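The exercises below are meant to be worked through with the sequence and the structure side by side. Try each task before reading its solution.

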Amino acid sequence: ITGAFVLSELNNKQNIRYNAERCNQRFSPHSTFKIPNSLIALETGVIKDENVMTSYDKIKHPAESWWPKTWAQDHNMRSAIKNSVVWYYQEIAKQVGKENYNKYLKQFHYGNEDVSGPIDQFWLDSSLKISPNEEVEFLKRFYKGELPVSKRTTDIVKDILVLEKNDDYTLSGKTGLGSKKDSGTSLGWFVGYLEKKDNVYFFATNLEDKSSEALIPKRVEITKRILTELGLLEPKT
C-alpha cells in the first residue's frame with residue numbers, strides 16, 4: 001500500500017511523519033471534507049442542529065448499486081457523518097453556495113481553498129485539494145477553537161465525530177474514500193485525533209491502492225496499528 005501518515009501532539013512536542021514528501025502533497029479530501037462542511041452548514045444556519053432530519057429523495061438521488069443500505073433513507077447530520085452519506089452533504093452544499101465556501105475555506109486555510117468545481121462535487125476528486133500535513137493543522141485549529149465559528153458549532157461537530165470513548169481515551173475522526181482519476185487508483189483517508197489523559201494526538205492517514213475495497217478496512221486498521229506501536233493505544237489481547 002502506498003501511503004503517508006502524520007501525527008502531531010497538541011503541545012507540539014512530538015511530530016511524526018511517514019513518507020514526508022507525500023505528507024506535503026495535496027489530494028482530494030473526499031469525505032474528510034464532511035468535517036469543515038458540517039461546521040459551515042451549522043454556522044450559516046443551513047442546518048439548525050445535528051438532529052434535524054433531512055428527507056431522502058430517491059428521484060434526486062437514485063440509489064446506486066454500490067451504496068451502503070444506510071444511505072437510501074432520511075438522515076440528520078449525526079447519522080449522515082457516521083454513515084458518510086454523500087447525498088446529504090451534496091444537498092447541504094447546494095444550500096451553502098460558492099460564496100460561503102470561498103469565505104470560510106479561506107478563513108479556515110483549508111488546503112488550496114479551491115471550490116471552482118461543481119457545487120456538489122468540488123471535494124470529490126475535483127478542484128479542492130489538501131495535504132495530510134494540512135489536514136492535521138486544520139484539525140488542531142478546529143479542536144482549539146481557533147476557527148471563525150461559534151463554540152456551539154465547534155462543540156456539535158466535536159460530538160458527532162466521536163468514534164470510540166472509554167476510560168482510557170476518546171478517538172474522534174472521519175474516513176474518506178474515492179477515485180483518483182489521474183492515476184486510475186483509489187484514495188483512502190482517516191483523519192482525526194486521540195484524546196488521552198492530558199494530551200491530544202492529531203493524525204492523518206492517506207492511502208492509495210488499485211482496490212477501493214482493500215482501502216475501506218485498512219484506513220482505520222493501519223492507523224490503529226501505528227497508534228498502538230507508538231504506545232498511544234493498548235495492544236489487542
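**Exercise 1. Which residues of H2 are buried?**

Solution. Keep in mind at the outset that this is a predicted model. Going along the helix, the buried residues of H2 are Lys-34, Ile-35, Pro-36, Asn-37, Ser-38, Leu-39, Ile-40, Ala-41 and Leu-42. Helix H2 spans residues 34–43, and because nine of its ten residues are buried, the helix is largely enclosed by the rest of the structure. The next step is to look for what encloses it: the buried residues of H2 pack against helix H3 (77–82), H4, helix H5 (132–143), H6, E4 and E5. Finally, look just past the helix, where H2 is followed by Gly-45, a residue with a positive phi near 80°.

**Exercise 2. Find the bridge partner of Glu-164 in E4, and describe the surroundings of that partner.**

Solution. Begin with the strands themselves: E3 and E4 run antiparallel and are joined by three bridges, and a hairpin of four residues connects E3 to E4. Within this pairing, Glu-164 has Leu-171 of E4 as its bridge partner. Leu-171 belongs to strand E4, which covers residues 170–180, and with a relative accessible area of 2% Leu-171 is buried. Setting aside residues up to four places away in sequence, Leu-171 touches Leu-161, Val-162, Leu-163, Glu-164, Tyr-193, Leu-194, Phe-203 and Lys-224. One further distance helps to place the residue, since the C-alpha atoms of Leu-171 and Gly-192 are separated by 7.6 Å although their positions lie 21 residues apart along the chain.

**Exercise 3. Is Ser-186 buried or exposed, and which residues does it contact?**

Solution. First locate the residue, which is found in strand E5, residues 185–196. Its relative accessibility is 10%, and because the cut-off for a buried residue is under 20%, Ser-186 counts as buried. Then collect the contacts, leaving aside neighbours within four places in sequence: Ser-186 is in contact with Gly-178, Ser-179, Lys-180, Leu-207, Glu-208, Asp-209, Lys-210, Ser-211, Ser-212 and Leu-215.

**Exercise 4. How many salt bridges does a search of the whole structure find? Compare three of the pairs by their place in the chain.**

Solution. Side chains of opposite charge can pair when their charged atoms come close. The search of the whole structure finds 13 salt bridges.

- *Lys-151 and Asp-155.* Their side chains meet in a salt bridge of 2.7 Å, N to O. Both residues lie in helix H6 (residues 151–160), and because they are four residues apart there, about one helical turn separates them. Lys-151 is exposed, with a relative accessible area of 63%, whereas Asp-155 is partly exposed at 33%.
- *Asp-168 and Lys-196.* Here the side chains meet at 3.8 Å, N to O. Asp-168 lies in the loop between strand E3 (162–165) and E4, while Lys-196 lies in strand E5, so this pair ties together parts that are 28 residues apart in sequence. Asp-168 is partly exposed, with a relative accessible area of 28%, but Lys-196 is buried, at 11%.
- *Glu-208 and Lys-180.* This salt bridge has an N to O distance of 3.7 Å. Glu-208 sits in strand E6 (residues 199–209) and Lys-180 in strand E4, so the pair ties together parts that are 28 residues apart in sequence. Both Glu-208 and Lys-180 are buried. Salt bridges with shared partners join these two residues with Arg-22 and Asp-182 into one network.

**Exercise 5. Which element gives the largest share of the lining of the largest pocket?**

Solution. Rolling a probe the size of a water molecule over the atoms shows where empty space is left. In the largest pocket, that space comes to about 740 Å³. The pocket is lined by 29 residues, and the closest to its centre are Trp-66, Trp-71, Val-86, Leu-177 and Gly-178. Helix H4 (86–108), E4 and helix H7 (212–229) are the elements that give two or more residues to this lining. The largest share, six residues, comes from E4. As a last step, sort the lining by class, which gives ten nonpolar, twelve polar and seven charged residues.

Note on methods
Residues are numbered from 1 along each chain as its sequence is written. This is a predicted model: local features need pLDDT of at least 70, side-chain atom pairs count only at pLDDT 80 or more; totals for chains, interfaces and linings use all residues. Side-chain values use heavy atoms; hydrogens and water are left out. Buried means under 20% relative accessible area, exposed over 50%, partly exposed in between (1.4 Å probe, protein chains only). Contact means heavy atoms within 4.5 Å. A salt bridge is a side-chain nitrogen of Lys or Arg within 4 Å of a carboxyl oxygen of Asp or Glu. Two strands pair if DSSP finds at least two bridges between them. On a 1 Å grid over the protein atoms alone, a cavity is a set of points where a 1.4 Å probe fits but cannot get out, and a pocket is an open set with protein on both sides within 12 Å along at least five of seven lines; lining residues have an atom within 4 Å of a point. Grid points are joined across faces, edges and corners, and a volume is the space filled by probe spheres set on the points. Ala, Val, Leu, Ile, Met, Phe, Trp, Tyr, Cys and Pro count as nonpolar, Asp, Glu, Lys and Arg as charged, and the others, Gly among them, as polar.
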